[in-house]
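User: I am new to this structure and would like a guided close look at one part of it. Please take me through that part step by step, and then show me how the rest is laid out.

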Amino acid sequence: MSWRNWAGNQHTDPARTVLARDTDEVVGAVRAAARDGLRVKALGSGHSFTGIAVADGVALRPPSDPASVRVDGHRVSVPAGLTLRELNPLLWAHGLALPNLGDIDAQTVAGAISTGTHGTGAGYRGIAAQVRGLELVLADGSVLACSPEEYAELFSAARVGLGALGVLTNVTLATEPAFRLHAVETALPLARVLGELDELTAANEHFEFYWFPHTDIAATKRNNRTVADGPARGRVAEWVGDDLLGNGAFGLACRVGAAVPSLVPRINGLMAAQMAHAEYVDRSYRVFCSPRRVRFLEMEYAVPRAALPEALTGLRSVADRHARAVTFPVEVRVLGADDIPLSTASGRDSAYIAVHVFRGQPHAAYFGAVESVMTALGGRPHWGKMHTRTAATLGPGYPGFSDFVALRDRLDPEGRFRNAYLDRVLGVPATCASPT
Ligand SMILES: Cc1cc2nc3c(=O)[nH]c(=O)nc-3n(C[C@H](O)[C@H](O)[C@H](O)COP(=O)(O)OP(=O)(O)OC[C@H]3O[C@@H](n4cnc5c(N)ncnc54)[C@H](O)[C@@H]3O)c2cc1C
């Protein structure tokens with residue numbers, strides 16, 4: 001069965017696709033692949049832009065039945081292939097929620113944690129930081145339950161495991177009591193946002209902004225927990241706020257900009273000028289996540305939080321030179337440090353800068369120039385978003401990188417879970433003769 005990712009820039013025809021309903025079926029699929037000399041790739045929902053999820057041998061769909069979700073106080077054990085879209089309302093029904101989410105909810109739990117998916121909030125961390133236990137099927141077909149108490153090294157690494165250590169079958173997450181968010185969206189001069197960034201990120205639980213290249217306007221979003229009622233999300237909010245990137249008018253603007261690049265500065269100015277004030281209160285997951293109907297390509301880098309002003313200065317000059325046809329805004333978010341070896345926020349408070357182009361537009365020069373700026377500042381690329389880095393250049397940026405690779409080599413000496421992307425970013429296991 002042919003496979004294609006959401007963005008449409010990755011595709012493959014795996015030797016076979018297996019839908020595993022439970023852990024035993026995952027074990028069976030991994031053992032059968034070994035017998036047949038095939039590699040195995042667990043599939044999420046295909047929302048990575050990189051080739052991280054590309055399967056050449058067995059494409060394995062992990063268990064995803066919502067009926068197998070178990071709630072124990074604030075801990076919730078979920079099948080690895082469950083989507084966040086299914087999980088969030090289910091948690092709400094139990095009076096629970098994840099503390100922080102990214103922009104969309106289409107990802108599977110395993111896919112989201114495996115690439116270090118994150119939202120925003122200086123005092124918050126990515127979704128993988130909520131993991132308290134994991135069940136994994138290893139390359140030899142054995143099943144391990146790991147946690148901070150059992151197989152602690154594997155647990156620590158497998159939270160952001162890139163799909164390289166085994167197939168996750170079950171994930172236990174720490175949640176918090178369900179909460180509502182008060183969202184305020186305002187357009188502000190970019191210079192003011194940059195000048196007040198420390199205050200804005202400290203005073204708001206979840207602060208982010210979008211900057212439209214070729215303008216001086218930043219569309220800011222502040223989400224804070226509230227127990228008060230507030231206005232529901234209205235039509236205006238849907239256009240200028242979270243749903244901007246999923247909006248038909250925006251799609252049209254992208255197409256016009258791609259066809260006539262000289263119009264882009266004016267289009268971006270017009271879009272930025274549409275940024276009205278919007279304010280609403282809703283369930284947390286409905287405020288964090290929104291649909292993305294306009295397809296795009298994306299690169300995102302995490303830099304040390306203190307390097308954000310420099311990163312944005314570099315980005316602005318790159319955008320002036322390379323992004324003449326780019327209608328997509330740049331997204332800027334912040335996150336607290338975590339202790340996960342391959343997390344982009346491992347050991348440091350981080351700022352995230354994401355650049356996008358409308359699907360089909362040339363991206364190499366723009367993304368390449370942005371990547372140079374971010375790499376010079378010690379930037380770490382999102383594992384699921386486009387980048388050109390290799391193990392040799394990534395390794396020095398993560399204190400736990402070589403331990404992660406050594407663990408992978410030990411657990412998967414035959415390279416059962418390899419693919420071309422993992423060979424590039426982790427290297428080929430020493431025991432495997434050739435690249436993929
Ligand atoms: C429109 C859009 C918006 C996005 N917004 C954000 C955002 O706000 N924040 C952010 O950080 N990222 C964001 N992303 C990136 C996205 O969250 C990640 O790429 C995520 O990994 C996608 O999850 P998935 O389920 O589609 O996994 P896939 O892309 O299908 O797979 C990703 C990796 O997970 C592995 N995997 C999947 N299941 C298992 C399993 N059971 N066991 C072991 N490994 C497994 C795969 O093998 C692969 O290595 C966005 C992407 C898109 C397209």
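What follows is a close look at strand E19 (350-358), and then a walk through other parts of the chain.

Analyst: Happy to help. First, a word on the ground rules: this is a predicted model, where local features need pLDDT of at least 70, side-chain atom pairs count only at pLDDT 80 or more, and totals for chains, interfaces and linings use all residues. Residue numbers start from 1 along each chain as its sequence is written. The names of the elements come from DSSP runs, numbered from the N terminus: helices are H or I runs of at least four residues, and strands are E runs of at least two.

Let us begin with E19 itself. Nine of the nine residues of E19 are buried, so the strand is largely enclosed by the rest of the structure. Here, buried means that 20 or more other C-beta atoms lie within 10 Å of a residue's own, while 12 or fewer would make it exposed and anything in between partly exposed; the C-beta atoms are placed from the backbone. In a regular strand the side chains alternate between the two faces of the sheet. Both faces of E19 are covered. On one side you will find Ser-350, Tyr-352, Ala-354, His-356 and Phe-358, and on the other Ala-351, Ile-353, Val-355 and Val-357, all of them buried.

Now look at the partners of E19. Nine bridges join E17 to E19, and these two strands run antiparallel; Phe-296 stands opposite Phe-358 in E19. E18 also runs antiparallel to E19, joined to it by five bridges, with Leu-335 opposite Ser-350. Two strands count as paired if DSSP finds at least two bridges between them.

Step back, and E19 turns out to belong to an open sheet of eight strands in the order E16-E13-E15-E14-E18-E19-E17-E20, with antiparallel pairing. Its edge strands are E16 (278-283) and E20 (380-381), each of which pairs on one side only. E20 is joined by two bridges to E17 (residues 296-304), and the two run antiparallel. Tyr-301 stands opposite Pro-381 in E20. Helix H11 (residues 308-322) packs on this sheet, touching E17, E18 (330-335) and E19. Contact means that the C-beta atoms of two residues, placed from the backbone, lie within 7 Å. The direction of H11 makes about 20° with that of E19; axes are lines fitted to C-alpha atoms, for helices over the stretch in contact, and angles run from 0 to 180 degrees between N-to-C directions.

There is also an open sheet of three strands, in the order E3-E5-E4, and its pairing is parallel. E3 (16-19) and E4 are the edge strands here. Neighbouring strands in this sheet are turned by 25° against each other on average, direction ignored. E4 and E5 (residues 58-61) pair over three bridges, and Lys-41 has Ala-59 in E5 as its bridge partner. Helix H1 (residues 23-35) lies across E3, E4 and E5, running at about 175° to E5.

E4 leads us to the ligand. The shell around the ligand holds 34 residues, the closest being Gly-44, Gly-102, Gly-111, Gly-163 and Gly-384; a residue is near a molecule if its C-beta atom, placed from the backbone, lies within 6 Å of it. E4 (40-42), helix H3 (109-114) and strand E11 (167-174) each supply at least two residues of the shell, and H3 gives the largest share, four residues. By type, the shell divides into 14 nonpolar, 17 polar and three charged residues. Ala, Val, Leu, Ile, Met, Phe, Trp, Tyr, Cys and Pro count as nonpolar, Asp, Glu, Lys and Arg as charged, and the others, Gly among them, as polar.

H3 in turn takes us to helix H2 (residues 84-93), where Leu-84, Leu-87, Asn-88 and Leu-91 are buried. Seen down the axis of H2, its buried residues fall within an arc of 100°, so they line one face of the helix; the arc is that of the directions from the helix axis to the C-beta atoms. These buried residues pack against strand E7 (75-79), strand E8 (96-97), H3 and helix H10 (284-288). Just after H2, Gly-95 takes a positive phi of about 75°.
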